[in-house]
Amino acid sequence: MSKFLINGGTKLSGEYSVDCAKNAYLPIIASTILCKEEIILKDCPFFADIDNMILILRNLGMTAERKGTELYINGKNAYQSYIPTELAKVIRSSIFALGALLGRFEKAKVAYPGGCDIGLRPIDLHLKGLRDLGVKIIESHGYIYCDASKMHGGQVYLDYPSVGATENLIMAAVLCKGITTIINPAKEPEIVDLQNFLNKMGAKIDGAGTDIITITGVEELHGTEYRPIPDRIIAGTMLIAAAITGGSITVKNCIPQHISSLYTKLQKSGCEIDVKSDCIFLQSKDRLDSISFLDTMPYPGFPTDLQAQMLTLQTVCKGYCIIQENMFESRFKFVPELIKMGANVRVHQRTAYVSGVPSLLGADVFATDLRGGVALVLAGLCAKGYTTVHDIYHIDRGYSHIEDALTSLGASIKRVE
Ligand code: EPZ
(Lines give C-alpha, C1' and ligand atoms only; values in the text may rest on other atoms or scores of the structure.)
Protein backbone atom coordinates (compact mmCIF):
# COMPACT_ATOMS: atom_id res chain seq x y z
CA MET A 1 0.00 0.00 0.00
CA SER A 2 1.38 3.45 -0.96
CA LYS A 3 2.49 5.84 1.73
CA PHE A 4 4.04 9.31 2.07
CA LEU A 5 7.44 9.81 3.68
CA ILE A 6 7.75 13.37 4.99
CA ASN A 7 10.72 15.14 6.55
CA GLY A 8 9.12 18.07 8.37
CA GLY A 9 10.32 21.58 9.16
CA THR A 10 10.56 23.31 5.78
CA LYS A 11 8.71 26.61 5.39
CA LEU A 12 6.65 26.29 2.21
CA SER A 13 7.07 29.04 -0.33
CA GLY A 14 5.86 29.63 -3.89
CA GLU A 15 2.77 29.54 -6.10
CA TYR A 16 0.03 26.94 -6.52
CA SER A 17 -2.69 26.86 -9.19
CA VAL A 18 -5.91 25.16 -8.09
CA ASP A 19 -7.55 22.25 -9.97
CA CYS A 20 -11.25 22.15 -10.84
CA ALA A 21 -13.42 21.18 -7.86
CA LYS A 22 -14.01 17.47 -7.13
CA ASN A 23 -17.40 18.32 -5.60
CA ALA A 24 -18.42 20.32 -8.67
CA TYR A 25 -17.11 17.77 -11.16
CA LEU A 26 -18.87 14.76 -9.60
CA PRO A 27 -22.49 16.01 -9.80
CA ILE A 28 -21.76 17.55 -13.23
CA ILE A 29 -20.51 14.19 -14.52
CA ALA A 30 -23.61 12.49 -13.05
CA SER A 31 -25.90 15.05 -14.73
CA THR A 32 -24.51 14.17 -18.20
CA ILE A 33 -26.74 11.06 -18.00
CA LEU A 34 -29.58 13.47 -18.88
CA CYS A 35 -28.05 14.34 -22.28
CA LYS A 36 -27.82 12.30 -25.50
CA GLU A 37 -25.16 14.47 -27.14
CA GLU A 38 -21.41 14.97 -26.69
CA ILE A 39 -20.20 16.95 -23.69
CA ILE A 40 -16.60 18.09 -23.20
CA LEU A 41 -15.51 18.92 -19.66
CA LYS A 42 -12.29 20.90 -19.36
CA ASP A 43 -9.35 20.61 -16.96
CA CYS A 44 -10.56 17.28 -15.55
CA PRO A 45 -8.47 16.55 -12.41
CA PHE A 46 -6.95 13.11 -11.78
CA PHE A 47 -8.93 12.35 -8.62
CA ALA A 48 -9.82 8.70 -7.94
CA ASP A 49 -13.44 9.68 -7.24
CA ILE A 50 -13.76 11.10 -10.75
CA ASP A 51 -12.36 7.91 -12.27
CA ASN A 52 -14.95 5.92 -10.32
CA MET A 53 -17.77 8.17 -11.52
CA ILE A 54 -16.54 7.60 -15.09
CA LEU A 55 -16.85 3.83 -14.53
CA ILE A 56 -20.47 4.34 -13.43
CA LEU A 57 -21.26 6.17 -16.68
CA ARG A 58 -19.62 3.45 -18.76
CA ASN A 59 -21.60 0.79 -16.91
CA LEU A 60 -24.78 2.55 -18.08
CA GLY A 61 -23.63 2.23 -21.70
CA MET A 62 -22.31 5.80 -22.04
CA THR A 63 -18.89 6.73 -23.40
CA ALA A 64 -16.57 8.66 -21.09
CA GLU A 65 -12.93 9.12 -22.11
CA ARG A 66 -10.13 11.29 -20.81
CA LYS A 67 -8.26 12.97 -23.69
CA GLY A 68 -5.39 14.87 -22.10
CA THR A 69 -6.95 17.22 -19.54
CA GLU A 70 -10.41 17.02 -21.14
CA LEU A 71 -13.18 14.53 -20.44
CA TYR A 72 -15.35 13.53 -23.43
CA ILE A 73 -18.76 12.14 -22.47
CA ASN A 74 -21.65 10.98 -24.65
CA GLY A 75 -24.87 9.59 -23.26
CA LYS A 76 -26.35 8.68 -26.65
CA ASN A 77 -26.04 4.91 -26.14
CA ALA A 78 -27.02 4.72 -22.49
CA TYR A 79 -29.28 1.66 -22.27
CA GLN A 80 -29.73 0.85 -18.55
CA SER A 81 -30.53 2.61 -15.29
CA TYR A 82 -28.76 0.22 -12.91
CA ILE A 83 -25.81 0.94 -10.61
CA PRO A 84 -24.46 -2.25 -8.95
CA THR A 85 -23.08 -2.38 -5.42
CA GLU A 86 -19.49 -2.81 -6.53
CA LEU A 87 -19.62 0.56 -8.30
CA ALA A 88 -21.99 2.43 -5.99
CA LYS A 89 -20.23 1.58 -2.74
CA VAL A 90 -16.91 3.14 -3.81
CA ILE A 91 -18.10 6.74 -3.76
CA ARG A 92 -20.78 8.82 -2.06
CA SER A 93 -21.55 10.64 -5.29
CA SER A 94 -22.92 7.46 -6.93
CA ILE A 95 -26.21 8.51 -5.30
CA PHE A 96 -26.11 11.74 -7.35
CA ALA A 97 -26.71 9.61 -10.45
CA LEU A 98 -30.13 8.57 -9.15
CA GLY A 99 -31.86 11.83 -9.99
CA ALA A 100 -30.32 11.93 -13.46
CA LEU A 101 -31.29 8.28 -14.13
CA LEU A 102 -34.90 9.04 -13.17
CA GLY A 103 -34.91 12.12 -15.39
CA ARG A 104 -33.60 10.09 -18.33
CA PHE A 105 -35.20 6.65 -17.92
CA GLU A 106 -38.08 7.29 -15.45
CA LYS A 107 -36.81 4.31 -13.44
CA ALA A 108 -33.65 3.21 -11.61
CA LYS A 109 -32.13 0.43 -9.53
CA VAL A 110 -29.23 1.84 -7.53
CA ALA A 111 -27.21 0.30 -4.70
CA TYR A 112 -26.59 2.32 -1.56
CA PRO A 113 -23.65 4.74 -1.92
CA GLY A 114 -20.28 4.59 -0.20
CA GLY A 115 -17.83 7.43 0.43
CA CYS A 116 -15.67 8.66 3.28
CA ASP A 117 -16.33 6.95 6.60
CA ILE A 118 -17.10 10.24 8.38
CA GLY A 119 -20.57 9.37 9.52
CA LEU A 120 -23.73 7.43 8.73
CA ARG A 121 -24.29 9.40 5.49
CA PRO A 122 -28.06 8.70 5.29
CA ILE A 123 -29.99 9.41 2.08
CA ASP A 124 -33.41 9.96 3.63
CA LEU A 125 -33.59 13.57 2.41
CA HIS A 126 -32.81 12.45 -1.16
CA LEU A 127 -35.60 9.84 -1.09
CA LYS A 128 -38.14 12.05 0.71
CA GLY A 129 -37.64 14.77 -1.90
CA LEU A 130 -38.04 12.33 -4.80
CA ARG A 131 -41.22 10.90 -3.22
CA ASP A 132 -42.56 14.47 -2.94
CA LEU A 133 -42.19 14.59 -6.74
CA GLY A 134 -44.23 11.41 -7.19
CA VAL A 135 -41.41 8.87 -7.47
CA LYS A 136 -42.34 5.43 -6.16
CA ILE A 137 -39.42 4.06 -4.11
CA ILE A 138 -38.83 0.63 -2.56
CA GLU A 139 -35.67 -0.08 -0.57
CA SER A 140 -34.83 -3.76 -0.50
CA HIS A 141 -31.75 -5.99 -0.09
CA GLY A 142 -29.32 -3.04 -0.30
CA TYR A 143 -30.88 -1.58 -3.43
CA ILE A 144 -33.14 1.41 -4.09
CA TYR A 145 -35.82 0.63 -6.70
CA CYS A 146 -37.45 3.72 -8.21
CA ASP A 147 -40.43 4.12 -10.56
CA ALA A 148 -40.61 7.71 -11.85
CA SER A 149 -43.20 7.07 -14.56
CA LYS A 150 -45.55 9.36 -12.65
CA MET A 151 -42.92 11.89 -11.49
CA HIS A 152 -44.25 15.47 -11.64
CA GLY A 153 -43.15 19.00 -10.82
CA GLY A 154 -43.86 20.06 -7.27
CA GLN A 155 -42.55 21.66 -4.10
CA VAL A 156 -39.89 20.05 -1.95
CA TYR A 157 -38.92 21.39 1.46
CA LEU A 158 -35.52 20.09 2.60
CA ASP A 159 -35.44 19.66 6.40
CA TYR A 160 -31.68 20.15 6.13
CA PRO A 161 -29.78 21.94 3.29
CA SER A 162 -28.18 18.72 2.05
CA VAL A 163 -25.73 19.25 -0.84
CA GLY A 164 -26.31 15.85 -2.41
CA ALA A 165 -30.08 15.90 -1.97
CA THR A 166 -30.25 19.37 -3.57
CA GLU A 167 -28.18 18.17 -6.54
CA ASN A 168 -30.18 14.96 -6.91
CA LEU A 169 -33.51 16.82 -6.94
CA ILE A 170 -32.28 19.38 -9.47
CA MET A 171 -31.21 16.57 -11.81
CA ALA A 172 -34.48 14.67 -11.36
CA ALA A 173 -36.53 17.80 -12.18
CA VAL A 174 -34.64 19.11 -15.24
CA LEU A 175 -36.57 16.98 -17.80
CA CYS A 176 -39.69 16.59 -15.66
CA LYS A 177 -42.93 18.26 -16.89
CA GLY A 178 -44.01 21.22 -14.77
CA ILE A 179 -42.26 23.47 -12.26
CA THR A 180 -40.31 22.19 -9.26
CA THR A 181 -39.26 24.37 -6.34
CA ILE A 182 -36.73 23.30 -3.75
CA ILE A 183 -37.04 25.21 -0.49
CA ASN A 184 -34.13 25.36 1.95
CA PRO A 185 -31.62 23.92 -0.56
CA ALA A 186 -27.87 23.80 -0.03
CA LYS A 187 -26.21 27.05 -1.18
CA GLU A 188 -22.70 25.69 -1.85
CA PRO A 189 -20.87 27.13 -4.89
CA GLU A 190 -20.93 23.64 -6.44
CA ILE A 191 -24.76 23.87 -6.61
CA VAL A 192 -24.51 27.15 -8.51
CA ASP A 193 -21.96 25.52 -10.83
CA LEU A 194 -24.32 22.59 -11.50
CA GLN A 195 -27.10 25.07 -12.35
CA ASN A 196 -24.80 26.95 -14.73
CA PHE A 197 -23.68 23.73 -16.44
CA LEU A 198 -27.23 22.39 -16.89
CA ASN A 199 -28.54 25.76 -18.11
CA LYS A 200 -25.74 25.80 -20.70
CA MET A 201 -27.20 22.49 -21.95
CA GLY A 202 -30.68 24.07 -22.22
CA ALA A 203 -32.13 23.46 -18.78
CA LYS A 204 -34.23 26.13 -17.05
CA ILE A 205 -32.98 26.43 -13.46
CA ASP A 206 -32.98 29.54 -11.31
CA GLY A 207 -32.07 30.45 -7.74
CA ALA A 208 -29.08 28.20 -6.99
CA GLY A 209 -27.16 29.80 -4.10
CA THR A 210 -30.36 31.24 -2.61
CA ASP A 211 -33.14 29.86 -0.34
CA ILE A 212 -35.36 28.73 -3.23
CA ILE A 213 -34.35 26.94 -6.44
CA THR A 214 -36.87 26.76 -9.29
CA ILE A 215 -36.60 24.22 -12.10
CA THR A 216 -38.90 24.43 -15.13
CA GLY A 217 -38.92 21.09 -16.96
CA VAL A 218 -37.68 21.06 -20.59
CA GLU A 219 -37.97 18.44 -23.34
CA GLU A 220 -34.29 17.66 -23.77
CA LEU A 221 -30.73 18.91 -23.24
CA HIS A 222 -28.06 19.52 -25.89
CA GLY A 223 -24.31 18.97 -25.78
CA THR A 224 -21.84 21.63 -24.57
CA GLU A 225 -18.33 22.34 -23.33
CA TYR A 226 -17.74 23.43 -19.73
CA ARG A 227 -15.04 24.11 -17.15
CA PRO A 228 -16.25 23.58 -13.54
CA ILE A 229 -15.21 25.99 -10.77
CA PRO A 230 -11.89 25.72 -8.90
CA ASP A 231 -11.70 23.47 -5.84
CA ARG A 232 -12.22 25.73 -2.81
CA ILE A 233 -11.23 22.91 -0.41
CA ILE A 234 -7.89 22.33 -2.14
CA ALA A 235 -7.33 26.12 -2.20
CA GLY A 236 -7.98 26.23 1.55
CA THR A 237 -5.82 23.17 2.20
CA MET A 238 -2.84 24.79 0.48
CA LEU A 239 -3.30 28.06 2.41
CA ILE A 240 -3.24 26.06 5.65
CA ALA A 241 -0.16 24.13 4.45
CA ALA A 242 1.74 27.43 4.13
CA ALA A 243 0.29 28.73 7.42
CA ILE A 244 1.25 25.64 9.46
CA THR A 245 4.85 25.65 8.17
CA GLY A 246 5.36 29.38 8.81
CA GLY A 247 5.82 29.89 5.08
CA SER A 248 4.13 31.83 2.30
CA ILE A 249 2.06 30.96 -0.75
CA THR A 250 0.16 32.50 -3.65
CA VAL A 251 -2.88 30.33 -4.40
CA LYS A 252 -3.87 31.08 -8.00
CA ASN A 253 -6.92 30.18 -10.12
CA CYS A 254 -9.24 30.27 -7.11
CA ILE A 255 -12.42 32.16 -6.19
CA PRO A 256 -11.45 33.90 -2.91
CA GLN A 257 -15.03 34.59 -1.80
CA HIS A 258 -15.63 30.79 -1.71
CA ILE A 259 -13.19 30.52 1.22
CA SER A 260 -13.58 33.90 2.92
CA SER A 261 -14.66 32.00 6.06
CA LEU A 262 -11.15 30.48 6.11
CA TYR A 263 -8.80 33.30 5.18
CA THR A 264 -10.49 35.72 7.59
CA LYS A 265 -9.65 33.25 10.40
CA LEU A 266 -6.08 32.82 9.17
CA GLN A 267 -5.76 36.61 9.17
CA LYS A 268 -7.00 36.72 12.79
CA SER A 269 -4.38 34.08 13.68
CA GLY A 270 -1.62 36.40 12.51
CA CYS A 271 -1.21 35.58 8.81
CA GLU A 272 -0.77 38.41 6.34
CA ILE A 273 -3.42 37.91 3.65
CA ASP A 274 -3.76 39.72 0.33
CA VAL A 275 -6.85 38.88 -1.77
CA LYS A 276 -7.12 39.59 -5.50
CA SER A 277 -9.94 38.61 -7.92
CA ASP A 278 -8.59 35.09 -8.63
CA CYS A 279 -5.78 34.55 -6.16
CA ILE A 280 -4.90 34.76 -2.47
CA PHE A 281 -1.45 35.54 -1.05
CA LEU A 282 -0.64 34.34 2.49
CA GLN A 283 2.45 35.06 4.58
CA SER A 284 2.55 33.12 7.85
CA LYS A 285 4.89 33.49 10.83
CA ASP A 286 6.74 31.13 13.15
CA ARG A 287 3.87 30.50 15.54
CA LEU A 288 0.30 31.71 14.96
CA ASP A 289 -2.36 32.47 17.56
CA SER A 290 -5.22 30.03 18.14
CA ILE A 291 -8.62 31.09 16.78
CA SER A 292 -10.34 30.05 20.09
CA PHE A 293 -13.55 28.74 18.45
CA LEU A 294 -14.57 27.07 15.16
CA ASP A 295 -18.06 25.94 14.14
CA THR A 296 -18.56 23.99 10.88
CA MET A 297 -21.68 25.13 9.03
CA PRO A 298 -23.37 24.87 5.62
CA TYR A 299 -22.08 27.39 3.07
CA PRO A 300 -21.20 30.25 3.49
CA GLY A 301 -20.21 29.11 6.99
CA PHE A 302 -16.89 27.40 7.71
CA PRO A 303 -16.75 24.23 5.54
CA THR A 304 -16.63 20.86 7.26
CA ASP A 305 -14.17 19.74 4.55
CA LEU A 306 -11.55 22.14 5.97
CA GLN A 307 -12.16 21.26 9.63
CA ALA A 308 -9.48 18.59 9.88
CA GLN A 309 -6.87 20.80 8.25
CA MET A 310 -7.77 23.74 10.53
CA LEU A 311 -7.80 21.56 13.65
CA THR A 312 -4.29 20.37 12.76
CA LEU A 313 -3.12 23.98 12.43
CA GLN A 314 -4.59 24.75 15.86
CA THR A 315 -2.50 21.97 17.47
CA VAL A 316 0.66 24.08 17.00
CA CYS A 317 -0.82 27.56 17.60
CA LYS A 318 -0.44 29.62 20.76
CA GLY A 319 -3.52 29.15 22.96
CA TYR A 320 -6.70 27.06 22.99
CA CYS A 321 -9.34 26.27 20.38
CA ILE A 322 -12.75 24.59 20.64
CA ILE A 323 -13.91 23.02 17.39
CA GLN A 324 -17.57 22.05 16.93
CA GLU A 325 -18.17 19.63 14.00
CA ASN A 326 -21.86 20.11 13.19
CA MET A 327 -22.05 18.29 9.86
CA PHE A 328 -20.71 14.75 10.35
CA GLU A 329 -20.65 12.67 13.51
CA SER A 330 -17.33 10.92 12.84
CA ARG A 331 -15.12 13.64 11.48
CA PHE A 332 -12.51 13.48 14.28
CA LYS A 333 -11.30 9.94 13.46
CA PHE A 334 -7.88 11.30 12.48
CA VAL A 335 -7.31 12.92 15.90
CA PRO A 336 -5.75 9.84 17.60
CA GLU A 337 -3.13 9.88 14.83
CA LEU A 338 -2.37 13.55 15.59
CA ILE A 339 -2.04 12.69 19.29
CA LYS A 340 0.64 10.14 18.33
CA MET A 341 2.56 13.17 16.97
CA GLY A 342 2.32 15.01 20.28
CA ALA A 343 -0.86 17.03 19.67
CA ASN A 344 -2.88 17.95 22.77
CA VAL A 345 -6.49 17.31 21.70
CA ARG A 346 -9.49 15.96 23.60
CA VAL A 347 -12.63 14.91 21.75
CA HIS A 348 -16.08 14.65 23.32
CA GLN A 349 -18.88 13.70 20.86
CA ARG A 350 -18.85 16.46 18.18
CA THR A 351 -16.47 18.81 20.03
CA ALA A 352 -12.66 18.86 19.95
CA TYR A 353 -10.69 20.78 22.60
CA VAL A 354 -7.26 21.75 21.26
CA SER A 355 -4.42 23.11 23.39
CA GLY A 356 -1.58 24.33 21.19
CA VAL A 357 1.93 22.86 21.62
CA PRO A 358 5.20 24.42 20.36
CA SER A 359 5.74 21.63 17.83
CA LEU A 360 4.65 18.15 16.74
CA LEU A 361 7.00 15.18 16.42
CA GLY A 362 7.16 12.95 13.35
CA ALA A 363 5.54 9.50 13.66
CA ASP A 364 3.94 6.62 11.73
CA VAL A 365 0.30 7.64 11.17
CA PHE A 366 -2.65 6.19 9.24
CA ALA A 367 -5.09 8.17 7.08
CA THR A 368 -8.71 7.43 8.03
CA ASP A 369 -10.52 9.44 5.34
CA LEU A 370 -9.86 12.02 2.63
CA ARG A 371 -9.66 15.26 4.62
CA GLY A 372 -8.38 13.65 7.83
CA GLY A 373 -5.65 12.07 5.73
CA VAL A 374 -4.53 15.33 4.15
CA ALA A 375 -4.55 16.89 7.64
CA LEU A 376 -1.96 14.29 8.70
CA VAL A 377 0.20 15.34 5.75
CA LEU A 378 0.01 18.95 6.98
CA ALA A 379 1.01 17.75 10.45
CA GLY A 380 4.01 15.93 8.95
CA LEU A 381 5.07 19.07 7.07
CA CYS A 382 5.50 21.03 10.31
CA ALA A 383 6.58 18.21 12.64
CA LYS A 384 10.15 17.70 13.82
CA GLY A 385 11.70 14.65 12.13
CA TYR A 386 10.15 12.03 9.84
CA THR A 387 6.45 11.21 9.42
CA THR A 388 5.08 8.28 7.42
CA VAL A 389 1.45 8.65 6.35
CA HIS A 390 -0.05 5.24 5.48
CA ASP A 391 -3.27 4.42 3.55
CA ILE A 392 -2.88 7.43 1.30
CA TYR A 393 -5.44 6.03 -1.16
CA HIS A 394 -7.92 8.03 0.93
CA ILE A 395 -6.06 11.23 0.00
CA ASP A 396 -5.85 10.35 -3.71
CA ARG A 397 -9.66 10.46 -3.84
CA GLY A 398 -9.61 14.25 -3.70
CA TYR A 399 -6.04 15.42 -4.36
CA SER A 400 -4.11 14.67 -7.54
CA HIS A 401 -0.55 13.78 -6.52
CA ILE A 402 -0.47 16.27 -3.66
CA GLU A 403 3.16 15.31 -3.06
CA ASP A 404 4.16 16.97 -6.36
CA ALA A 405 2.42 20.22 -5.42
CA LEU A 406 4.01 20.26 -1.97
CA THR A 407 7.45 19.38 -3.35
CA SER A 408 7.20 22.33 -5.75
CA LEU A 409 6.61 24.52 -2.69
CA GLY A 410 9.80 23.22 -1.02
CA ALA A 411 8.42 20.38 1.11
CA SER A 412 10.39 17.17 1.61
CA ILE A 413 7.75 14.55 0.79
CA LYS A 414 7.78 11.47 -1.41
CA ARG A 415 5.34 8.73 -2.33
CA VAL A 416 6.58 5.19 -1.66
CA GLU A 417 4.65 2.38 -3.39
C1 EPZ B 1 -21.21 16.72 0.10
O2 EPZ B 1 -21.52 15.50 0.74
C3 EPZ B 1 -19.71 16.64 -0.19
N4 EPZ B 1 -19.44 15.52 -1.08
C5 EPZ B 1 -18.94 16.46 1.11
O6 EPZ B 1 -17.54 16.48 0.79
C7 EPZ B 1 -19.24 17.65 2.02
O8 EPZ B 1 -18.59 17.46 3.27
C9 EPZ B 1 -20.75 17.74 2.25
O10 EPZ B 1 -21.44 17.84 0.98
C11 EPZ B 1 -21.13 18.96 3.08
O12 EPZ B 1 -20.67 20.11 2.47
C13 EPZ B 1 -19.65 15.67 -2.41
O14 EPZ B 1 -20.09 16.71 -2.87
C15 EPZ B 1 -19.31 14.49 -3.27
P16 EPZ B 1 -24.80 16.55 2.76
P17 EPZ B 1 -23.08 15.10 1.00
O18 EPZ B 1 -25.88 15.76 2.13
O19 EPZ B 1 -23.91 15.53 -0.15
C20 EPZ B 1 -27.00 14.80 6.54
C21 EPZ B 1 -15.34 15.69 0.77
O22 EPZ B 1 -14.48 15.55 1.66
N23 EPZ B 1 -27.89 14.16 5.56
O24 EPZ B 1 -24.81 18.03 2.63
O25 EPZ B 1 -23.13 13.68 1.42
C26 EPZ B 1 -25.62 14.16 6.55
O27 EPZ B 1 -25.60 13.02 7.38
C28 EPZ B 1 -16.77 15.28 1.03
O29 EPZ B 1 -15.10 16.18 -0.37
C30 EPZ B 1 -29.02 13.49 6.03
O31 EPZ B 1 -29.28 13.44 7.22
O32 EPZ B 1 -23.38 16.02 2.26
C33 EPZ B 1 -24.75 15.27 7.07
O34 EPZ B 1 -24.84 15.28 8.49
C35 EPZ B 1 -16.98 14.71 2.42
N36 EPZ B 1 -29.84 12.90 5.13
C37 EPZ B 1 -25.41 16.54 6.53
O38 EPZ B 1 -26.74 16.16 6.14
C39 EPZ B 1 -29.59 12.94 3.77
O40 EPZ B 1 -30.40 12.39 2.99
C41 EPZ B 1 -24.70 17.12 5.32
O42 EPZ B 1 -24.72 16.15 4.31
C43 EPZ B 1 -28.44 13.61 3.32
C44 EPZ B 1 -27.61 14.22 4.23
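This tour proceeds from the ligand to its surroundings and then to two loops.

The model is predicted, so local features require pLDDT of at least 70 and side-chain atom pairs count only at pLDDT 80 or more, while totals for chains, interfaces and linings use all residues. Residues are numbered from 1 along each chain as its sequence is written, and side-chain values use heavy atoms, with hydrogens and water left out.

**The ligand and its shell**

Select the ligand first, together with the 22 residues that surround it; a residue belongs here if one of its heavy atoms lies within 4 Å of the ligand. The closest are Asp124, Leu125, Ser162, Asp305 and Met327. By residue type, the shell divides into 10 nonpolar, 5 polar and 7 charged, with Gly counted as polar, and Asp, Glu, Lys and Arg as charged.

**Polar contacts**

Next, display the side chains of Ser162, Arg92 and Arg121, and look for pairs of N or O atoms within 3.5 Å. A polar side-chain atom of Ser162 is 2.7 Å from a ligand oxygen atom. For Arg92, an N or O atom of the side chain lies 2.8 Å from an oxygen atom of the ligand. Arg121 places a polar side-chain atom 3.2 Å from a ligand oxygen. The protein buries 91% of the 820 Å² that the ligand exposes when taken alone, by the Shrake-Rupley method with a 1.4 Å probe.

**Helices and domains**

Colour helices H1 (22-31), H5 (124-132), H6 (163-173) and H12 (370-382): each supplies at least two shell residues. Helices here are DSSP runs (H or I, at least four residues), and strands are E runs of at least two. H5 gives the largest share, 3 residues. Domain 1 (3-16 + 231-416) and domain 2 (24-221) each contribute at least three residues to the shell; their bounds come from an automatic or database assignment.

**Two loops**

Move to Pro300, in the loop between strand S18 (292-295) and helix H10 (307-314). A cis peptide bond joins Tyr299 to Pro300, with omega about 10°.

Finally, select Asp43, in the loop between strand S3 (38-41) and helix H2 (48-59). Although not a glycine, Asp43 has a positive phi of about 50°.

Definitions and conventions. A polar contact is a pair of N or O atoms within 3.5 Å; within protein, one must be able to donate a hydrogen and the other to accept it, and residues adjacent in sequence count only if both atoms are side-chain atoms.
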